[in-house]
Amino acid sequence: RPREQRRECMIDPYPFEVQKRVVWMTSAVVPVIVEGVFIGIAGVDMPLDHVQRIVAERAADVGALVVAPRGRLAASVHVPEPAGGHIAAVHGDDWQDDMKQVAQGSFCDHDASGADRIEAFAPFRLGRDPETWAVNLLLPTDRCVAEARASLWQQMLYGGLALLAALIVAWLLAGRLSRLVRRMTGVIEAVAQGDYGQRIAVRRADELGRMGTALDATIARLGA
């Protein structure tokens, strides 16, 4: 997608093997374009385990999903289909209609036909990627009576907003990583055009910090 659309993208969840264990990941990637020519991508890979933990802590005993734009599940709590599965296993063919509304930025809710539950979708976006993700809550109708229906909807709405807020806070880290990736991309593009005076000058103790330091050292050698 970054090559075709030439913009920042959040990649849908994908499996990656780490020490013989499959970990579901997403990536924030940006295209590297020099004088209008695509030369590659720069990105940051992020495991989705922390998103699963946040959803599990906030969802209590309510079914909750975090859904990527094409239906892949970034997190799943109290639902048979696990993270990494597809929303079609939970909603059947109706998921496409729901995600179309989500893509328009619309909050949508309805009684699931034949499923004895109430479903609600709340849209959100990550970074500068215009594609829309969603938080999906599922509440069995047998947990309430007709007189308590208003309170039920209030509970779902507040629960969804709290869950969404927690996710946004968690993804702020992704935003900072994305800005750092764009900074690295800008330096790489400048070096490709012959400007060896650029430096990333990042001060971090993690892998990105070591990558930035290594790139600065490489640029210094090239410009010597």
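1. A residue is called buried here when its relative accessible area is under 20%, and exposed when that area is over 50%. On this basis, buried residues make up 44% of the 224 residues in the chain. The coordinates are those of a predicted model, and the points below should be read with that in mind.

2. On confidence, the chain has a mean pLDDT of 76, and 73% of its residues reach 70 or more. Confidence is lowest in helix H5, which spans residues 149-192 and has a mean of 64, whereas the highest value, a mean of 91, belongs to strand E6, residues 73-77.

3. As to overall architecture, the secondary structure of the chain consists of six helices and nine strands. Among the contacts in the chain with a separation of 6 or more, 46% are accounted for by residues 24 or more positions apart.

4. Strands E2 (14-18) and E3 (residues 21-34) form a hairpin with two residues between the strands, and they pair in the antiparallel sense over five bridges. In this pairing Pro15 stands opposite Trp24 in E3. Two residues of the turn deserve a look, for Gln19 takes a positive phi near 50 degrees, and Lys20, although not a glycine, has a positive phi of about 65 degrees. Lys20 is located in the loop between E2 and E3, and it counts as exposed because its relative accessible area is 81%, which lies over the 50% limit.

5. Strand E3 also pairs with E4, again in the antiparallel sense, here over 10 bridges. Val34 stands opposite Val37 in E4, and the hairpin of E3 and E4 has two residues between the strands, with Glu35 adopting a positive phi near 50 degrees.

6. Within E3, Ser27 merits separate comment. Its relative accessibility is 4%, so it counts as buried. The side chain of Ser27 makes a polar contact with the side chain of Tyr14 at 2.6 Å, and a polar contact with the side chain of Asp45, also at 2.6 Å. Leaving out residues up to four places away in sequence, Ser27 touches Cys9, Met10, Ile11, Tyr14, Val44, Asp45 and Met46.

7. The largest nonpolar core has 21 residues, and those touching the most other members are Met10, Val51, Val55, Val66, Phe124 and Trp133. At least two residues of this core come from each of strand E4 (37-47), helix H2 (49-59), strand E5 (63-67), E6 and strand E9 (133-140). Of these, E9 gives the most, with four residues. Another core, of 13 residues, lies apart from it and includes Ile87, Trp95, Cys108 and Leu138. As background, nonpolar side chains in soluble globular proteins tend to be buried together.

8. Asn136 is a polar residue to inspect in strand E9. Asn136 counts as buried because its relative accessibility is 0%, and its side chain reaches the backbone oxygen of Ala120 at 3.0 Å. Asn136 and Phe121 are 15 residues apart in sequence, yet their C-alpha atoms are 4.5 Å apart in space. Beyond its neighbours within four places in sequence, Asn136 is in contact with Gly63, Ala64, Leu65, Val67, Ile87, His91, Glu119, Ala120 and Phe121.

9. Which residues of helix H4 (residues 95-103) are buried? They are Trp95, Asp98, Met99 and Val102, and they lie on the same side of H4, because they cover an arc of only 95 degrees around the axis. The spacing can be read against the general rule that an α-helix has 3.6 residues a turn, so residues three or four places apart point the same way. Just after H4, Gly105 takes a positive phi of about 80 degrees.

10. A last backbone point concerns His78, a residue other than glycine whose phi is positive, near 55 degrees. His78 is placed in the loop between E6 and helix H3 (88-91), and since its relative accessibility is 52%, it counts as exposed.

Note on methods. Residues numbered from 1 in each chain as written. Heavy atoms only, no water. pLDDT = per-residue confidence, 0-100. Buried < 20%, exposed > 50% of the residue type's maximum accessible area, 1.4 Å probe, protein only. Polar contact = N/O pair within 3.5 Å; in protein donor to acceptor, adjacent residues only side chain to side chain. Contact = heavy atoms within 4.5 Å. Arc of directions from axis to C-beta. Core = buried A, V, L, I, M, F, W, Y, C linked by side-chain atoms within 4.5 Å. Pairing = 2+ DSSP bridges.
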